[in-house]
Amino acid sequence: MASIQDEHVVEVSQNPLPVARSRGRGLHAKMAAEIALKIAPVRDKKERDQVLDLETELNASDEDVGNDSGDEEKHEQLLKAIKSLSSSGKKKHKTSQQRSEPNKTVSEFHLSVVKDSKQQVDLNDLIGSLNKSNEYGNLKKKLDSMQRNSGTLDVPLPKPEAQKIQRTIAYGETKKDIDKWAPTVKKNREAEHLSFPLKPFEPTKPTLRGLAVNFKPRTPLEQEVAAVLRGSAHVLERSNKELTEEEEKALLTMDLEEAKERRHELQKLRALQSYYEIKCHRMKKIKSKKYHRVKRKAEKRAAGKMAGEDLQNEDAEEALEKAERMRALERVSLKHRNTSKWAKHLIAKAGKNADAKKLIQDQLRISRTLTEKAVESESDEEMEAPAHAGGVEDDEDKSDMYGNLLTSEDNPWKLHTNGTRHLPETSSSLENDSSTKLHRLQPIRTEEAKENSDEDLEHTAAVEEESDDEFELQPVSLAEKTTKKSKKLQGTKTKRKSDVEEVEVTVKKSKKSEKSNKTDSKKTAKEGKKAGKKKLASKSKDKVESLHVTGDTIETENTDSANMDISGSSDNKINRKEHNVEREASNETVISKSKDICVDPKKIFRIEDHGNEVQDGESYSIQQKRIDIQQAFANDDVAEEFVQEKSEIEDASKPKDLDLSLPGWGAWAGAGIKPSEKKKKQFTKKADPAPLRKDKDLSHVIINEEKSKLFTKNQVSSVPYPYGNPVLFERSMRNPVGKHWNTGTTVDQLTKPRVSTLIGTIIEPIKATKQIKRYKPENRKRNKKGKESSGITIHS
Amino acid sequence: MAAEAKGEKEIKKVKDEEPVDKAILQKYHRGSQNRFKNLKDKKLRGKLRSYESQYEQAAVQAAKSELLLTEEPGYLEAEGLEKTFKFKQRNIADVVDVASAKKYFDLKLDTFGPYRINYTRNGRFLLIGGKKGHLATIDWQNKKLGCEVHVQETVRDVRWLHIETMFAVAQKKCVYIYDNTGIELHCLKNHRQVNRLEFLPYHFLLASVGDYGILKYQDTSTGKPVCELFSKLGKCDCMTQNPYNAVIHLGHYNGTVTMWAPSMKDPLVKMLCHRGPVQAIAIDNKGYYMATSGLDGQMKIWDVRTYKQLQAYYTPTPASCLAISQRGLLAVGHGPHIQIWRDPFTQKQKSPYMSHLFPSCTVHGMQFSPFEDVLGVGHSQGFGSLLIPGAGEPNFDALEANPYQTKKQRQEFEVKALLEKIQPELITLNPMDIVHVNHPSKKGTRKDGQNDDDEESNSKEKFEPKHKTKGRSSSKKQHLRKKGHEQQEKKVSEIQSNCEAAMEDVDSLLSHPLGLGYFQDLIQV
């Protein structure tokens with residue numbers, strides 16, 4: 001449409017031009033320019049300006065029509081311009097617009113031209129006259145405001161875009177609206193349990209004041225009490241007064257002077273008391289020993305005076321008691337027994353210094369006087385002691401009656417019960433100089449002496465040693481034991497020195513036999529492996545037995561050699577050698593069994609062997625019993641069987657090599673043809689090394705490594721979701737929940753449901769709480785350093 | 001403002017909570033705490049934190065509740081030259097209060113031979129069974145006879161079941177269950193020639209072992225036999241349960257002690273304890289220590305957790321009975337003697353704590369009465385009840401075993417116990433294993449595990465016929481298709497097995513000494 005119109009217009013403009021030239025060139029030119037303007041009203045500004053320039057020129061040329069030459073040039077220019085317009089108009093599609101602006105210059109063709117802003121019609125142009133008149137105030141105001149607010153409105157956006165914007169804004173709004181719920185929701189989600197209603201109804205607590213105000217006496221008793229109280233002057237029922245009537249009265253009656261005096265008196269008393277306290281405190285803190293000594297002596301003197309007077313007339317008993325107490329104290333503390341540092345120092349000097357000697361003796365004398373009464377009482381004890389000892393014997397007789405358990409010497413539990421235990425102490429106490437100790441220990445010794453000769457002392461020591469053996473823990477190594485023994489035996493010098501030589505000889509012999517045994521056993525081990533397990537078992541059995549016997553002898557020697565330790569250090573070497581032999585022996589047994597077992601379960605029974613030490617004299621019979629028992633089980637190859645079973649189980653549990661070689665593959669196969677070793681080796685898949693067994697260090701234990709399928713089914717098969725690793729999960733499950741393992745409150749706490757509702761209450765919809773924003777921990781730290789603030793801010 | 005409020009809160013807290021003794025608190029901590037501070041997952045971190053605080057609180061509560069344990073244990077103490085083991089029962093009975101003195105008594109029952117005894121878990125009732133068939137239940141504290149029966153058969157062992165209304169008796173051929181009036185309720189015929197009985201109260205399992213050396217478990221709540229485990233070590237007459245983990249310990253003639261759980265065919269642990277036959281086993285209440293005695297004249301103390309020997313004592317004659325009290329006193333019976341040892345596990349004791357003698361008797365059964373300072377002894381001439389100060393736990397847990405139970409409480413307890421019954425397969429050496437995740441830790445084991453899983457899943461995967469349209473997926477058609485599939489599977493498996501058999505045949509042919517050619521000839525013929 002637009003293009004057609006354009007063409008038409010151009011035609012119009014082209015056709016009349018020659019006509020215009022003939023009539024009046026100037027007028028026509030102006031018209032043409034106007035038309036052109038009308039045709040392309042919203043062209044590019046440049047073009048428009050061009051056209052306008054032309055127009056102005058034309059306007060100017062209207063006045064002087066006479067200039068023909070200039071006119072022609074201008075005319076040509078105009079034509080050019082119109083041509084260019086038409087050519088460009090063809091390219092660009094334009095819509096014609098009706099101009100509606102008011103213009104001063106109204107043309108013939110109802111066309112207006114806006115030259116500049118000054119020429120535009122203004123509101124003032126229309127109503128300027130109003131300003132001059134004083135009337136129409138309202139109208140003027142209105143117009144004023146209109147003028148001020150007059151602005152052109154923007155072009156409204158296309159619908160979808162507008163809607164989009166609307167939506168985003170609405171989204172933001174609703175988000176803001178809903179965001180206020182976020183903290184509430186978060187809190188509720190994080191809460192371990194929620195109990196609805198969230199804010200339970202709480203009845204207002206009755207206050208004391210409220211109760212007092214509302215109280216009305218009802219029962220007769222209450223009424224009576226109320227009546228009494230109301231009349232009393234002691235009751236404070238008056239408002240705005242601190243004192244009761246009675247108190248006020250008392251105040252009034254009191255004389256001011258009197259009160260002051262009384263107060264003064266009290267003040268003085270208090271001051272005196274505090275002075276005394278301070279003094280005592282100071283005295284107590286004095287560190288000077290001398291001061292205290294002097295003070296104590298003074299006190300004692302005063303007390304002695306008092307006591308001297310008192311003793312005669314009344315408190316003899318009390319004094320006695322006191323003396324007794326002093327004696328006890330003295331005995332406990334050993335204060336005057338020259339055990340103090342000072343005394344020791346003096347004793348060192350005493351050889352030369354007579355004074356020092358005297359001082360020491362003084363001390364001893366004091367102690368003797370203090371413990372003097374003790375001698376009497378001890379003599380009493382002496383008198384009683386035999387009787388008591390007799391009692392003990394009686395007891396023993398009784399115990400004999402029930403099975404010789406307590407007295408029979410073969411009962412190791414009993415060994416220390418009937419006084420033998422005291423013997424070593426007596427021997428040690430012999431060295432002690434103090435007469436009192438000897439005195440006290442005598443009764444026991446005499447009692448014992450009746451039964452035993454002097455030799456018995458040694459014997460009993462031996463018995464004790466032996467009993468120690470029995471009670472000792474087994475893992476104790478031999479070396480330790482021997483040293484222990486030697487230590488014990490150092491006190492009791494024995495007659496056995498004569499035996500030493502013999503022992504040495506036997507040791508050497510046994511060593512030789514051991515060596516031969518060793519080689520033999522190695523051989524047997526090798527053979528045994530080839531021959532088969534049964535054979536091995538039988539052989540090893542024999543060998544073990546033989547070793548057993550030798551072991552026994554060695555051990556007996558060991559103890560003897562321990563005795564020899566006293567005589568000289570050269571024996572130590574023998575000792576060591578013996579240990580080596582021992583070790584070797586045990587090693588051999590191990591090797592012959594299987595390589596993996598490092599400890600011989602026979603070790604468990606070694607203790608019995610220690611018991612085999614043959615003692616001379618009576619103890620032999622005791623030992624014999626035990627030996628009998630052991631011999632009864634000597635043929636039971638329990639341990640060997642066990643070891644064999646264990647090794648079998650271990651072998652079975654080991655992963656086996658997989659032979660994948662195919663006979664006949666790449667080689668001939670058949671009767672009489674052995675598949676090549678090389679191929680076999682090549683195609684055997686080696687098994688992984690066996691995992692370490694739990695019982696590898698426990699030779700006497702077989703632990704089943706198999707996992708119970710039924711049990712594992714009940715275990716959690718994989719770590720559940722939030723827990724990353726099993727340790728976290730296991731540890732979080734470590735606490736039992738049931739009431740058998742927890743207190744009642746804990747069970748309730750641990751098994752509380754996440755949500756609980758109170759029956760019969762209205763659960764109101766939740767309300768959004770105020771947003772509580774926490775600072776990040778870094779900020780908090782900074783805050784702590786800087787100023788003390790809570791780190792919580794409330795945004796309303 | 002907020003800071004002030006916080007301060008106030010703290011002060012309140014301090015005021016409210018009394019400090020708990022750390023040593024006591026340590027007792028109630030169960031394992032090490034979770035470390036969660038470096039976790040990235042905030043949610044998990046919060047969760048773990050709350051758990052930790054809960055567990056801590058639980059420990060604190062438990063420690064605080066020790067306040068309620070008002071009774072204190074005590075032991076017999078000797079002065080001067082006196083020895084505790086020289087005190088006679090008579091002397092003790094004279095000194096103690098009347099109620100306690102009544103607990104020292106003897107029942108002279110010399111006609112029906114050596115007696116086995118058993119106390120209920122709350123220590124209130126006593127069951128005695130004479131070898132020659134005499135059975136009796138007694139409310140021993142009130143000296144009230146419950147029932148008395150003569151079964152006209154050998155009685156080898158007696159055992160209370162979960163409550164005092166039922167008990168099991170191992171008789172000549174089988175095990176019988178009687179009620180508290182002496183009426184025979186059940187006869188367990190599959191338990192043959194039983195020598196010893198044990199009852200696992202939390203699992204409701206009655207375990208028996210006898211001449212055939214077969215350990216049999218019977219569920220007493222459902223009545224079904226659970227399993228039979230073959231010890232393969234011959235006659236067995238020594239059985240104890242570990243009260244901590246419900247593992248049964250058997251002592252055998254070859255000096256070994258085996259530990260059994262119903263879920264495993266083989267013993268969990270086999271220990272060589274003695275050179276001679278094992279005579280008696282006793283295990284302490286916490287499951288730490290085991291005492292064994294053998295015919296080799298030794299009594300040994302073992303740590304059951306590490307299986308290591310702690311002490312070895314020599315007995316003049318082999319100890320025939322062992323019993324450990326709730327507070328860790330060890331009673332040893334040999335011949336007519338009974339000796340009580342105090343703290344024998346951790347320290348080597350030199351002399352017994354107490355001793356007693358039943359003249360011209362032999363001790364056959366011994367048990368400390370729970371929650372009482374009493375040792376019950378069944379011997380060849382009846383029953384003796386001895387006062388052993390410091391034997392029983394002075395504070396009882398009424399949820400666990402209530403000595404002052406009423407009838408109603410007993411009924412409720414029974415129901416609760418049944419509800420809380422633990423399945424037999426959960427018995428293991430370490431009961432806390434159930435907490436652990438069964439994660440395959442090592443390569444080899446994992447492979448095996450995977451294979452197992454695959455196989456299981458394959459075998460378990462059910463064949464679901466495809467859904468077809470146009471009425472071809474009716475239930476009948478589906479069923480037919482399923483059947484067809486099964487048959488096909490069968491065929492395949494048959495073929496496979498045939499193939500394997502053939503392969504084996506071929507192998508055998510190949511390995512035949514005459515060679516393959518021999519058979520080819522045969523085939524041609």
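This tour walks through a predicted model, one selection at a time.

Before you start, note that residues are numbered from 1 along each chain as its sequence is written, that chains are lettered from A and ligands numbered from 1 in the order in which they are written, and that side-chain values use heavy atoms, with hydrogens and water left out. As the model is predicted, local features need pLDDT of at least 70 and side-chain atom pairs count only at pLDDT 80 or more, while totals for chains, interfaces and linings use all residues.

**Stop 1: chain B as a whole**

Select chain B and show it as a cartoon. You will find nine helices and 28 strands; helices (H or I, at least four residues) and strands (E, at least two) are DSSP runs, numbered from the N terminus. Of the 525 residues in chain B, 47% are buried, where buried means under 20% relative accessible area, exposed over 50%, and partly exposed in between (1.4 Å probe, protein chains only). Switch on the surface: the accessible area is about 28200 Å², and 52% of this belongs to carbon and sulfur atoms. Such areas come from the Shrake-Rupley method with a 1.4 Å probe; for residues, only the protein chains shown count as cover.

**Stop 2: strand β19**

Now select residues 289-294 of chain B. Is this strand buried or exposed? Six of its six residues are buried, so β19 is largely enclosed by the rest of the structure. In a regular strand, side chains alternate between the two faces of the sheet. Color Y289(B), A291(B) and S293(B) for one side of β19(B), then M290(B), T292(B) and G294(B) for the other; both sides are covered.

Add β18 (residues 278-283) of chain B, which pairs with β19(B) in the antiparallel sense over five bridges; two strands pair if DSSP finds at least two bridges between them. A280(B) has S293(B) as its bridge partner. The hairpin of β18(B) and β19(B) has five residues between the strands, and there G287(B) takes a positive phi near 75°.

Next add β20 (residues 298-303) of chain B, joined to β19(B) by five bridges and running antiparallel to it. Here S293(B) stands opposite M299(B). Three residues lie between the strands of the β19(B) and β20(B) hairpin, where G297(B) has a positive phi near 80°.

**Stop 3: the sheet β22-β23-β24-β25**

These four strands of chain B form an open, antiparallel sheet in that order. Which strands stand at the edges? They are β22 (321-324) and β25 (354-357), each with a single partner strand, so one side of each is left without a neighbour in the sheet. The twist averages 15° from one strand to the next. For a look inside, select β23 (residues 329-334) and β24 (residues 337-342) of chain B, which pair over six bridges. A331(B) is partnered with I340(B).

**Stop 4: the sheet β1-β28-β27-β26**

This is an open sheet of four strands in chain B, again with antiparallel pairing. Its edges are β1 (105-108) and β26 (363-368), each with a single partner strand. Select β27 (residues 374-379) and β28 (residues 382-387) of chain B to see strands joined by six bridges. The bridge partner of V377(B) is G384(B).

**Stop 5: helix α8 of chain A**

Finally, move to chain A and select residues 159-179, helix α8, where I169(A) sits. I169(A) is exposed, with a relative accessible area of 52%.

How values were computed:
Axes fitted to C-alpha atoms, helices over the stretch in contact; angles between N-to-C directions.
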